[in-house]
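Visitor: I would like a close look at a single part of this protein. Please take me through that part and then through what surrounds it.

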Amino acid sequence: MVFKIVISRLAESEIEETIEFYESKRKGLGKHFLDYFKGSLKILKTNPELFSIKKSPFFRELPLKKFPFVIIYEIFQNEVIIYSVFNTSRNPTKKP
């Protein structure tokens, strides 16, 4: 089964901010982040249950190994809803 990916406004904003931040640090690094993120979406489309529930009752986290971020999502019917692309360097109490 292939799942549909739905990205919340918060997550879209976080992705855009991250791309801009990395581009300001080194040209092309923002694109590298985006490409890596898109690769993670391919995993979520086909195997979203690979990652465990971290916050009950249904929030899961996919860690991005090359960048200090986790994708916070839930599986609802045939959709994977991404709520946040959270920077793990931030205060964990601010995690959605």
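In which helix do Asp35 and Lys31 lie, and how many residues apart are they?

Guide: This is a predicted model, so every value here is computed from it. Asp35 and Lys31 both lie in helix H2. They sit four residues apart, about one turn of the helix. An α-helix has 3.6 residues a turn, so residues three or four places apart point the same way.

Start with that pair. The side chains of Asp35 and Lys31 meet in a salt bridge, 2.9 Å from N to O. Side chains of opposite charge can pair when their charged atoms come close. The count for the model comes to one salt bridge. Lys31 is exposed because its relative accessible area is 52%, and the cut-off is over 50%. Asp35 is partly exposed, with a relative accessible area of 39%.

Now take the whole helix. H2 runs over residues 29-46. At 1.5 Å a residue, its 18 residues should span 26 Å. The end C-alpha atoms are 27 Å apart, which agrees.

Next, look at which way its residues face. Leu29, Gly30, Phe33, Phe37, Ser40, Leu41 and Leu44 are buried in H2. Seen down the axis, these buried residues fall within an arc of 130°, so they line one face of the helix. Lys31 and Lys42 are on the other side of H2, and they are exposed.

What does the buried face meet? The buried residues of H2 pack against E1, H1, E3, E4 and E5. Let us visit some of these partners.

Helix H1 comes first. H1 covers residues 9-25. Its 17 residues should span 24 Å, and its end C-alpha atoms are 25 Å apart, which agrees. The buried residues of H1 are Ala11, Glu14, Ile15, Thr18 and Tyr22. They cover an arc of only 100° around the axis, which puts them on the same side of H1. On the other side of H1, Arg9, Glu20 and Ser24 are exposed. The buried residues of H1 pack against strand E1, helix H2, strand E4 and strand E5. H2 and its buried face thus appear again in the list for H1.

Then there is the core. In soluble globular proteins, nonpolar side chains tend to be buried together. The largest nonpolar core here has 20 residues. Phe33, Leu44, Ile71, Tyr73, Ile82 and Val85 touch the most other members. H1, H2, E3, E4 and E5 are the elements that give two or more residues to this core. H2 gives the most, with five residues.

Follow one core member, Ile82. Among the residues that Ile82 touches are Phe37, Leu41 and Leu44, and these three are buried residues of H2. Ile82 also touches Ala11, a buried residue of H1. Its other contacts include Ile5, Val6, Ile7, Ile71, Ile72 and Tyr73. These contacts leave out residues up to four places away in sequence.

Strand E3 is another partner of H2. Pro63 lies in strand E3. Pro63 is partly exposed, with a relative accessible area of 40%. Its C-alpha atom and that of Ser40 are separated by 9.1 Å, though the two residues are 23 residues apart along the chain. Ser40 belongs to the buried set of H2. Pro63 touches Phe51, Phe69 and Val70, again not counting residues up to four places away in sequence.

Just past E3, Lys65 is found in the loop between strand E3 and E4. Lys65 is exposed, with a relative accessible area of 74%. From Lys65 to Ile43 it is 14 Å in space, C-alpha to C-alpha, and 22 residues in sequence.

Strand E4 holds a charged residue to set beside the pair on H2. Glu74 lies in strand E4. Glu74 is buried yet has no salt bridge. Its nearest side chain of opposite charge is Arg60, 8.5 Å away. A salt bridge needs a nitrogen within 4 Å of a carboxyl oxygen, so a gap of 8.5 Å does not qualify. Glu74 touches Phe58, Glu79, Val80, Ile81 and Tyr83, not counting residues up to four places away in sequence.

One last stop is the loop between E4 and E5, where Gln77 is found. Gln77 is exposed, with a relative accessible area of 63%. Gln77 has a positive phi of about 55° although it is not a glycine. Most residues other than glycine have a negative phi.

Technical notes
Residues numbered from 1 in each chain as written. Predicted model: local features only at pLDDT ≥ 70, side-chain atom pairs only at ≥ 80, totals over all residues. Heavy atoms only, no water. Expected span 1.5 Å × (residues − 1). Buried < 20%, exposed > 50% of the residue type's maximum accessible area, 1.4 Å probe, protein only. Arc of directions from axis to C-beta. Contact = heavy atoms within 4.5 Å. Lys, Arg positive; Asp, Glu negative; His and termini not counted. Core = buried A, V, L, I, M, F, W, Y, C linked by side-chain atoms within 4.5 Å.
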